[in-house]
Amino acid sequence: MMKIIARNMITPQLSWQKELSQAFTDPAKLLEYLAIDPEPLLGSFAARKLFPLRVPVPFANRMQRGNAKDPLLLQVMTSALEFEQQPGFGADPLVEQIEQVTPLPGLLHKYENRVLLMVRTGCAVNCRYCFRRHFPYQDNSPNKQGFKDAALYIGQRPQINEVILSGGDPLMANDDQLSALMALLEPIPHLTRVRIHTRLPVVIPARITEQFVELCRNSRLKLIMVLHINHPNEIDDTVSEFVQRLKQAGVTMLNQAVLLRDINDSAAVQAQLSEALFDAGILPYYLHLLDKVAGASHFDTPETKAITMMRQLHQQLPGFLVPKLVREIGGEAHKTPIDLGLFPKV
């Protein structure tokens with residue numbers, strides 16, 4: 001059983017929650033903060049009615065002032081292109097909103113040996129390409145009883161050995177809430193791993209509190225944290241520092257990124273990202289082709305271009321720094337690796 005760590009009331013936790021409350025939600029104020037002329041972008045502001053804008057200050061601080069094309073800003077800034085309807089792009093690109101996949105509210109069971117639990121339905125940052133930007137979170141937001149029901153579901157199925165904590169962002173839950181959830185999962189004997197998919201420590205590094213580090217250190221389960229970092233400029237000294245603290249607590253650190261047009265769709269940027277990740281103590285894991293969600297078609301990169309880029313990346317980097325290029329296909333039981341055509345012809 002994990003130990004419950006007493007909360008330090010002078011805690012950095014208050015700090016991360018305060019930073020969360022001070023996130024930018026108005027495009028005009030974000031542009032003003034970055035000293036960017038709003039006039040050419042006024043037509044984009046209405047897109048926040050499609051999907052709210054939310055950008056924490058620590059993340060905005062890594063953007064280049066005066067640069068409307070900054071690769072971090074482009075990921076989170078509203079765009080008039082979000083109103084375009086394109087064939088093949090829909091509200092549920094991964095076909096998650098069906099009864100067979102969600103046996104309980106907030107619990108997705110797509111794979112034989114693992115389930116995904118939506119711990120919190122909000123995020124600290126709203127990425128404009130989010131594949132769940134239309135997801136009915138209001139119907140999939142488990143409460144305390146919901147977590148107990150999920151633990152019971154997992155406990156009755158010995159084939160499940162891994163739980164993925166997702167959302168939204170699972171670290172939007174505070175440390176006491178996470179402790180309570182882990183206390184439900186740890187007694188399940190066939191459970192061996194908990195994987196945490198999160199972007200919060202990247203956009204608000206103060207989220208990694210001492211209480212959370214101790215929670216990880218004292219768990220009997222193997223913990224894997226999969227961060228979401230798309231560009232090398234997202235990694236600074238504070239991000240590297242929290243990664244080291246988590247690694248010292250026994251957490252395996254991985255990264256998955258999304259291939260985004262005009263943001264990270266070149267071998268040069270991907271090579272820089274992999275090097276920056278490794279320097280910070282994180283291994284590249286997946287590079288996803290864009291999930292075809294309505295409102296995000298302007299981020300899509302052709303698969304042929306992605307393949308060419310990955311071939312170049314293999315020439316530039318050692319194998320352990322090259323992420324797997326994959327696509328999620330709705331209804332498929334696993335991610336689909338993209339054939340890069342690297343095998344020699346015989």
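Strand 1 and strand 2 run antiparallel and are joined by three bridges; strands, like helices, are DSSP runs numbered from the N terminus, with at least two residues (E) for a strand and at least four (H or I) for a helix. Two strands count as paired if DSSP finds at least two bridges between them. The structure is a predicted model, in which local features need pLDDT of at least 70 and side-chain atom pairs count only at pLDDT 80 or more, while totals for chains, interfaces and linings use all residues. Residues are numbered from 1 along each chain as its sequence is written, and side-chain values use heavy atoms, with hydrogens and water left out.

Within this first pair, L108 has L116 of strand 2 as its bridge partner. The two strands form a hairpin, with two residues between them. Four of the five residues of strand 1 are buried, leaving this strand mostly covered; buried means under 20% relative accessible area, exposed over 50% and partly exposed in between, with a 1.4 Å probe and protein chains only.

The hairpin belongs to an open sheet of nine strands, ordered 1-2-3-4-5-6-7-8-9, with mixed pairing. Strand 1 (107-111) and strand 9 (336-337) stand at the edges with a single partner strand each, so one side of each has no neighbour in the sheet. Further in, strand 5 and strand 6 pair in the parallel sense over five bridges, and I224 has T252 in strand 6 as its bridge partner. Strand 6 is largely enclosed by the rest of the structure, because six of its seven residues are buried. Strand 7 and strand 8 (residues 324-327) also pair in the parallel sense, over three bridges.

Helices lie against this sheet. Helix 6 (residues 175-185) lies across strand 2 (114-120), strand 3 (162-167), strand 4 (193-198) and strand 5 (222-228), and runs at about 155 degrees to strand 2. Helix 10 (residues 267-280) packs on the sheet as well, where it touches strand 6 (252-258) and strand 7, its direction making about 145 degrees with that of strand 7. Axes here are lines fitted to C-alpha atoms, for helices over the stretch in contact, and angles run from 0 to 180 degrees between N-to-C directions. Helix 6 also holds D175, which counts as buried because its relative accessible area is 1%. The side chain of D175 makes a polar contact of 2.9 Å with the side chain of R207; such a contact is a pair of N or O atoms within 3.5 Å, and within protein one must be able to donate a hydrogen and the other to accept it, with residues adjacent in sequence counted only if both atoms are side-chain atoms.

Two further helices meet each other. The axes of helix 8 (residues 210-217) and helix 9 (residues 237-248) come within 9 Å and cross at roughly 30 degrees. On the helix 8 side, E210, F212, V213, C216 and R217 meet R245, L246 and Q248 of helix 9. F212 and L246 are also the residues with the most contacts inside the largest nonpolar core, which has 95 residues. A nonpolar core is a set of buried Ala, Val, Leu, Ile, Met, Phe, Trp, Tyr and Cys residues joined through side-chain atoms within 4.5 Å. Apart from this core lies another, of five residues, among them V101, L116, M118 and I164. Neighbours within four places in sequence aside, L246 is in contact (heavy atoms within 4.5 Å) with I208, F212, V213, C216, M225, V251 and M253.

The end of strand 7 (residues 283-288) brings the description back to the sheet, with H288 in this strand. H288 stands opposite V326 in strand 8 and counts as buried because its relative accessibility is 9%. Its side chain is joined to that of Q256 by a polar contact of 2.9 Å. The C-alpha atoms of H288 and I338 are 9.7 Å apart, with these positions 50 residues apart along the chain counted as their separation. L289 lies in the loop between strand 7 and helix 11 (303-316), and with 2% relative accessibility this residue counts as buried. L289 and V326 are 37 residues apart in sequence, yet 6.2 Å apart in space, C-alpha to C-alpha. With neighbours within four places in sequence left aside, the contacts of L289 include L259, E303, A306, L325, V326, R327 and I338.
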